[in-house]
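Notebook open, model loaded. I want to go through this one piece by piece and jot down what I look up.

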Amino acid sequence: TAQRTFRIAAIPADGVGVEVVAAGRTVLDALADASNGRFAFAWQEFPWGSDYYAQHGRMMDEDGLAQLEDFDAIYFGAVGWPTVPDHVSLWGLRLKICQSFDQWANVRPVEFLPGIQSPLRKADDTDLSWVVVRENSEGEYAGFGGRNFAGRGDRGEVAVQSAVFTEVGCERIIRFAFDLARTRPRKKVSSVTKSNAQQYGMVLWDDVFRRVAAEYPDVETESVLVDAMAAKFVLRPEDLSVVVASNLNADILSDLGSALAGSLGLAASANVNPERRFPSMFEPVHGSAPDIAGQGICNPVGAIGSAALMLEHFGLHDEAKAVQHAIEVTSGKGVRTRDVGGSASTEEVTAAIIENLLV
Ligand code: NAI
Ligand code: MG
């Protein structure tokens, strides 16, 4: 038996989520096989998602969170299918896990891979690499609000969707961003808000940012409004290292980042409970991609990169680097799926990554 066994709950859920989780598991199992018993992965797969909803009227078991609680990590695919309203599937599974397990830091690296064309011309001759740190527990996705006056038939319905910003919530994510910046070649944190227009929550965020920044004199800082930051992603990306933003703003910016890197299918993410009171969850940024699901052509790189983030979380740093390196060698050799201009299948890319991992 292995010296260390990591217990992982796999939740492939819907669409391409099933295909990319299978791909990531294959890579991790190959790594464990090659470790000569240093470590192993014990997987348990959960059948939750939109099919489960069709049968049971819920996205996961009633005691689902209790079933997940003792795992070392959760490896997630994607949730959402045209048969279930998106807000039901998302809140019933993914957001439920994130919130209940206090996974308040969502880490989304933006990595540019060799052999993959970026829509940014600058990417050809500039080293670009930055990471979006997303506040993952409150802000615009806190779920506070309500709808009223429906059904009066006079088009008078009213909806309120409130954003929630707490000093504790702002401080912990901002501190997380500064600590992360210290581990990177460029020690810089860019804080993103829209505090000119949203004068309460986001001004609180700005105040906390200034206060925390004073404790990190070795880290460069800037505060940028979200619209200007969208432009900066395109025009001056070489000036970025760690970008910290609220739930909604970081969600949008990180999709922009992965599109700039070449495809949504490339982007990895970690939903972290930094105190480690609960399992953290690792998942590609993309959704279930119903337009290409079931064809064996989706890009597994985002999910495999997320598996590398999970290795990092387990303290298997060399192995995490090896997976990231194998991803780069594979794309550099031209083994690519269609979304990034290749013709390889999901399985072919996965097999090539494993081959480049074990040399
Ligand atoms: P999506 O990410 O599923 O797809 C957007 C576009 O990117 C599509 O053209 C798709 O083909 C492409 N794409 C996505 N992943 C890819 C991959 N691995 N390889 C190649 N191409 C890929 O976003 P969309 O269409 O807005 O949402 C579809 C469903 O997924 C919805 O039900 C939505 O709610 C859900 N969703 C779930 C997420 C999650 O579970 N974390 C995140 C985003 C969306
Ligand atoms: Mg998103």
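**Helix 9 and its surroundings**

I started with what the buried residues of helix 9 pack against: helix 1 (16–33), strand 3, strand 11, strand 12, helix 10 (317–332) and helix 11 (346–357). This is a predicted model, so I read everything below with that in mind.

How many of the 13 residues of helix 9 are buried? I get 11, so the helix is largely enclosed by the rest of the structure. The buried ones are Val301, Gly302, Ala303, Ile304, Gly305, Ser306, Ala307, Ala308, Leu309, Met310 and Leu311. I also checked the length: the end C-alpha atoms of helix 9 are 18 Å apart, which agrees with the 18 Å that 13 residues should span at 1.5 Å a residue. Just past the helix, I noted that Gly315 has a positive phi of about 85°.

**The loop before helix 9**

Stepping back along the chain, I looked at Gln295, which sits in the loop between strand 12 and helix 9 (301–313). Buried, exposed or partly exposed for Gln295? It counts as partly exposed, because I find 13 C-beta neighbours inside 10 Å, and the exposed class stops at 12. I also paired Gln295 with Val16: they are 279 residues apart along the chain, yet their C-alpha atoms are separated by 8.9 Å.

**Helix 4**

Next up was helix 4, residues 86–100. Its 15 residues reach 19 Å from first C-alpha to last, close to the 21 Å expected at 1.5 Å a residue. Where is the kink in helix 4 centred? I find it on Arg94, with a bend of about 40°.

Arg94 is also on the buried list for this helix, along with Ser89, Gly92, Leu93, Ile97 and Cys98. A reminder to myself: an α-helix has 3.6 residues a turn, so residues three or four places apart point the same way. The cover over the buried residues of helix 4 includes strand 1 (4–13), helix 2 (50–56), helix 3 (64–68), strand 3 (73–78), strand 11 (268–272) and strand 12 (280–284). Just after helix 4, Asp102 takes a positive phi of about 45°.

**Helix 8**

Helix 8 (residues 247–261) also has 15 residues. From its first C-alpha to its last I get 21 Å, close to the expected 21 Å. I listed its buried residues as Asn247, Asn249, Ala250, Asp251, Leu253, Ser254, Gly257, Ser258 and Ala261.

What covers the buried residues of helix 8? I wrote down strand 4, strand 5 (129–135), strand 6, strand 8 (188–193), helix 7 (226–235) and strand 10 (242–245) among the elements involved. Gly262 follows the helix with a positive phi near 130°.

**Two odd backbone spots in one loop**

I then went after positive phi values in residues other than glycine. Phe149 has one near 65°, and Arg155 has one near 55°. Phe149 is in the loop between strand 6 (139–148) and strand 7 (158–164), and I found Arg155 in the loop between strand 6 and strand 7 too.

Buried or exposed for Phe149? Exposed, because there are 11 other C-beta atoms within 10 Å. Arg155 counts as exposed as well, because I find 6 C-beta neighbours inside 10 Å.

**Domains**

The chain is divided into domain 1 (1–108 + 267–359) and domain 2 (128–255). Their C-alpha centres lie 25 Å apart, and 13 residues of domain 1 are in contact with 12 residues of domain 2. On the domain 1 side, helix 4 and strand 4 (105–111) are the elements that give two or more residues. The largest share of that side, four residues, comes from strand 4.

I also looked up the UniProt record: its unreviewed entry annotates residues 7–353 as "domain: Isopropylmalate dehydrogenase-like". Over that stretch I get 39% helix and 22% strand, with the end C-alpha atoms 23 Å apart.

**Whole chain, for the last entry**

I count 11 helices and 12 strands. The C-alpha atoms fill a box of roughly 60 × 50 × 40 Å along the principal axes. Is the radius of gyration in or out of line with what a compact globule would have? It agrees, because 359 residues would give a value near 21 Å and the chain has 20 Å.

Buried residues make up 46% of the 359. For contacts with a separation of 6 or more, residues 24 or more positions apart account for 75%.

Definitions and conventions. Residues are numbered from 1 along each chain as its sequence is written. Chains are lettered from A and ligands numbered from 1 in the order in which they are written. This is a predicted model: local features need pLDDT of at least 70, side-chain atom pairs count only at pLDDT 80 or more; totals for chains, interfaces and linings use all residues. UniProt positions are given in the numbering used here, feature names are shortened, and annotations may be inferred rather than shown by experiment. A residue is buried if 20 or more other C-beta atoms lie within 10 Å of its own, exposed if 12 or fewer, and partly exposed in between; C-beta atoms are placed from the backbone. The expected span of a helix is 1.5 Å times one less than its number of residues. The bend at a residue is the angle between axes fitted to the seven residues ending there and the seven starting there. Two residues are in contact if their C-beta atoms, placed from the backbone, lie within 7 Å. The radius of gyration is taken over C-alpha atoms; the globule rule is 2.2 Å times the number of residues to the power 0.38. Domain bounds come from an automatic or database domain assignment.
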